[in-house]
Amino acid sequence: MISFWEKQTFVHSHFLIIGSGITGLSTALSLREKYPTKNILVLERGIFPSGASTKNAGFACFGSLTELISDYETLGELDMLALIEKRRRGLETLRSRLGDEVIDYQQHGGYELITESEIGALEHIKSMNTRLMPLFGEPVFSMKNEDIKKFGFDEDTVKALVYNPFEGQIHTGKMMRALLKLAAEKNIQVYTGADVESIEDDHRRVYVKIKDKINDEITLRSKKLIVCTNAFSKKLLPNLELNPGRGQVLVTEPIDDLKIKGTFHFDEGYYYFRNIGDRVIFGGGRNLDLEGETTTEMQTTDLIINNLKEKLENVIMPNQPFKVEQTWAGIMAFGKDKTPIIERVSPNVTVAARLGGMGVAIGTAVGEQAASLVYQE
Ligand SMILES: Cc1cc2nc3c(=O)[nH]c(=O)nc-3n(C[C@H](O)[C@H](O)[C@H](O)COP(=O)(O)OP(=O)(O)OC[C@H]3O[C@@H](n4cnc5c(N)ncnc54)[C@H](O)[C@@H]3O)c2cc1C
């Protein structure tokens, strides 16, 4: 049961956003730019943002060569370029909004490890560079086979290395903390521990029900609602065309004389690793059990973590001893293609979800687009 004061003060908002990941906070910040005085409230079920935005690997990337070849085949040239441009613009806005130092942005470049089965992709470097020229103004992909030895990769497995100088890396935790800080400075309220059970739009306003340990159940009201719950959206919007996809990750203890520096992809983006200082973060392997990994359960499995360790030991750092410090899992959202869903689902409810594996890059631009859909009315 809530009091008169609570009802007067905490229940009504003009804009209500569910989910305090990069999409939810970016949407709130974009709305604030347009509406300096409106009441904006973000609801988060965790005690801090607890979705993919705080569990990812911190790649500031827009797609490796083999991923872009596959995007070109499924989306066609125009949609592929539009998606890359959204990622590029999203990263640019994120960096200028928060500052490179604050998010620990470092541009060491990105690499793709090419094994025997992907060697055919190398023939596409020239044509892909031509397609990307209008966006980047210079060639994006080039060969850097001489670095295979420098990084210490297993030369029997890694047959070629493709370099992309435009790729960078961030400190994911610092980025999310900075977004929360900026939201607070802009007078955007964030309620944590607020797990939304259901939403209802009666065409005049939106009602959002939250289970609460103290007050049993609370119903918040708002003029406009934006659902930014990504992989967890089906609980609130069961008809949305998306599937969860779990990503499992490990981080090593500090490694003496670590040779790896930059961001690295292999197996068409199914595996990814990078340095963070003198440690390595390594994730992926979802393709080992695609059905089992179509889940919102934030658990790691022996199958995938053991596979990551085995790849580190035999392919990535065959000559460098390491110890795993920690493992974790996070949940992404996938659909029939890699484009996010940004649409109005009822007069006062908009959804911005299905960000896939490059949400760090695209999240800011998705937030901008979701906000502009709301204020188009
Ligand atoms: C392991 C892993 C590695 C990745 N690596 C990279 C990478 O290196 N680079 C990159 O660009 N992208 C990466 N991604 C993808 C990227 O992290 C996501 O695309 C992006 O963070 C999605 O942001 P979001 O805000 O849409 O969703 P989320 O961050 O998932 O935010 C959704 C929020 O909604 C909250 N929520 C859910 N349901 C409710 C509810 N009912 N009530 C209230 N709150 C709710 C959740 O707790 C969560 O905080 C990775 C993802 C994973 C899982």
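Two strands are said to pair when DSSP finds at least two bridges between them. I begin there, colleagues, since strand pairing opens this account. Please keep in mind throughout that the structure before you is a predicted model.

Let us start with strand E11, residues 216-227. Strand E10, residues 206-212, pairs with E11 in the antiparallel sense, over 7 bridges. Within that pairing, Ile210 stands opposite Ile218 in E11. The connection from E10 to E11 is a hairpin of 3 residues.

E11 has further partners. Strand E1, residues 12-18, pairs with E11 in the parallel sense, and 6 bridges are found between them. On E1, Ser13 is placed opposite Ser222 of E11. Strand E18, residues 349-353, also runs parallel to E11, with 3 bridges. There, Val227 has Val351 of E18 as its bridge partner. As a reminder on the chemistry, strands of a sheet pair through backbone hydrogen bonds, in either the parallel or the antiparallel sense.

I turn now to the division of the protein chain. Two domains are assigned: domain 1 comprises 4-54, 174-239 and 338-375, while domain 2 comprises 66-78, 106-168 and 242-334. Taken over C-alpha atoms, their centres are 31 Å apart. Domain 1 brings 13 residues to the contact, and domain 2 brings 10. What classes of residue does domain 1 present on the side that touches domain 2? By class, there are 6 nonpolar, 5 polar and 2 charged residues on that side.

Next, the ligand. A shell of 44 residues surrounds the ligand, and the closest are Gly19, Gly21, Gly51, Gly247 and Gly359. Both domains take part: domain 1 and domain 2 each provide at least three residues of this shell. Which elements each supply at least two residues of the shell? They are helix H2 (22-34), strand E12 (243-252), strand E16 (324-334) and helix H10 (359-375). Of these, H10 gives the most, with 4 residues. As for chemical character, the shell divides into 19 nonpolar, 20 polar and 5 charged residues.

E12 and E16 also belong to a sheet, which I shall describe now. This is an open sheet of 8 strands with mixed pairing, in the order E5-E6-E4-E13-E14-E15-E12-E16. At its edges are strand E5 (142-143) and E16, each of which pairs on one side only. E12 and strand E15, residues 279-284, run antiparallel and are joined by 3 bridges. Leu250, for example, has Phe282 of E15 as its bridge partner.

Helix H9, residues 302-316, lies across E12, strand E14 (271-276), E15 and E16, and H9 runs at about 50° to E12. One residue of helix H9 is Asn306. Is Asn306 buried or exposed? Asn306 is exposed, because 11 other C-beta atoms lie within 10 Å, and 12 or fewer is the bound for that class. To relate this helix to the hairpin discussed at the start, the C-alpha atoms of Asn306 and Ile218 are separated by 44 Å, the two residues being 88 apart along the chain.

Helix H3, residues 65-75, deserves a word as well. Its buried residues are Leu65, Thr66, Glu67, Leu68, Ile69 and Asp71. What do these buried residues pack against? They pack against helix H4 (77-98), strand E4 (110-114), helix H6 (125-136) and strand E6 (160-164). After H3 comes Gly76, with a positive phi near 85°.

Finally, two backbone details. Asp104 is not a glycine, yet its phi is positive, about 60°. Asp104 sits in the loop between helix H5 (100-103) and E4. Asp104 counts as partly exposed because it has 16 C-beta neighbours inside 10 Å. Asp257, likewise a residue other than glycine, has a positive phi near 55°. Its place is in the loop between E12 and strand E13 (263-266). Asp257 has 7 C-beta neighbours inside 10 Å and therefore counts as exposed.

To close, I return to the ligand: its shell takes at least three residues from domain 1 and at least three from domain 2. Thank you for your attention.

Notes: Residues numbered from 1 in each chain as written. Predicted model: local features only at pLDDT ≥ 70, side-chain atom pairs only at ≥ 80, totals over all residues. Near = placed C-beta within 6 Å. Nonpolar A, V, L, I, M, F, W, Y, C, P; charged D, E, K, R; others polar. Domains from an automatic or database assignment. Buried ≥ 20, exposed ≤ 12 C-beta atoms within 10 Å, placed from the backbone. Contact = placed C-beta atoms within 7 Å. Axes fitted to C-alpha atoms, helices over the stretch in contact; angles between N-to-C directions.
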